[in-house]
Amino acid sequence: HSLLGEVYMLSGDPDRADLEFKKSLEAKDIDRSYAARSRWGLCELYFQEKRYDMARKLAMRAMVLDDDPAYTPKAMRIAALCHLQQNDLEMAAKTWRELNDRFPLYAQSIAGEAALQPAIEAEKRAKGTPVPPIKPE
């Protein structure tokens, strides 16, 4: 169900994706990678729907319960974005730091994403790393 949910999500059918992801999480003895994919998929859907609290909660579960190299970092990205949407810069920075520590290659690949810059800059300030000034576009 988790793979089918991802297919539906990527093809633009969020309702069917939601249903499949939830079915996956209801299964007995679910494989961790399937659970990670389902949690990431649901938090991605909820984030797109601006349901930031629900998205953040699912993303945090993926961070704690799943240690999947493909889906956990994606869920952590959503968690950081949700913290930013909820004006919690400190938690966004902490989430970014953990993402960078646990999955440095993924973090590096998304570090240029404009929406993440406030979290990245706050994390650098917390570590005492100089933050270059933002240049207006």
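This passage walks through the nonpolar core, two helix packings and a few individual residues of a predicted model. Residues are numbered from 1 along each chain as its sequence is written, and side-chain values use heavy atoms, with hydrogens and water left out. Because the model is predicted, local features need pLDDT of at least 70 and side-chain atom pairs count only at pLDDT 80 or more, while totals for chains, interfaces and linings use all residues.

Start with the core. A nonpolar core here is a set of buried Ala, Val, Leu, Ile, Met, Phe, Trp, Tyr and Cys residues joined through side-chain atoms within 4.5 Å, where buried means under 20% relative accessible area, exposed over 50% and partly exposed in between (1.4 Å probe, protein chains only). The largest such core holds 35 residues, and Cys-43, Phe-47, Ala-55, Trp-96, Leu-99 and Leu-116 have the most contacts inside it. Two or more residues come from each of α1 (2-10), α2 (14-26), α3 (32-48), α4 (52-65), α5, α6 (89-102), α7 (104-110) and α8 (117-127); helices are DSSP runs (H or I, at least four residues) numbered from the N terminus. The top contributor is α5, with 8 residues. In soluble globular proteins, nonpolar side chains tend to be buried together.

Arg-77 sits in that same helix, α5 (residues 72-85). Charged or not, Arg-77 counts as buried, because its relative accessibility is 17%. Skipping neighbours within four places in sequence, its contacts (heavy atoms within 4.5 Å) are Glu-44, Leu-99, Tyr-106, Ile-110, Glu-113 and Leu-116. Leu-116, with residues up to four places away again not counted, touches Arg-77, Ala-80, Leu-81, Leu-84, Trp-96 and Ile-110.

Next come the packed helices. Axes are lines fitted to C-alpha atoms, for helices over the stretch in contact, and angles run from 0 to 180 degrees between N-to-C directions. Angles under 35 degrees count as roughly parallel, over 145 as roughly antiparallel, 65 to 115 as roughly perpendicular and the rest as oblique. For α3 and α4 the angle is about 160 degrees, with the axes 8 Å apart, so α3 runs roughly antiparallel to α4. Their contact takes in Arg-39, Cys-43 and Phe-47 of α3, among others, and residues of α4 including Ala-55, Leu-58 and Leu-65. By class, that contact splits into 11 nonpolar, no polar and 3 charged residues.

For α6 and α8 the angle is about 85 degrees, again with axes 8 Å apart, so these two helices are roughly perpendicular. Among the residues making the contact are Ala-92, Trp-96 and Arg-97 of α6, and Pro-118, Ile-120 and Glu-123 of α8. Within α8, Ala-119, Ile-120, Glu-121, Ala-122 and Glu-123 are buried, and the cover over its buried residues includes α5 and α6. After α8 comes Gly-128, with a positive phi near 85 degrees.

Back in α3, Ala-36 is buried, with a relative accessible area of 0%. Beyond four places in sequence, Ala-36 is in contact with Asp-66, Asp-68, Tyr-71 and Thr-72.

Finally, the loops. Most residues other than glycine have a negative phi. Lys-50, in the loop between α3 and α4, has a positive phi of about 65 degrees and is exposed at 59% relative accessible area. Asn-87, in the loop between α5 and α6, has a positive phi of about 60 degrees and counts as exposed at 73%.

How values were computed: Ala, Val, Leu, Ile, Met, Phe, Trp, Tyr, Cys and Pro count as nonpolar, Asp, Glu, Lys and Arg as charged, and the others, Gly among them, as polar.
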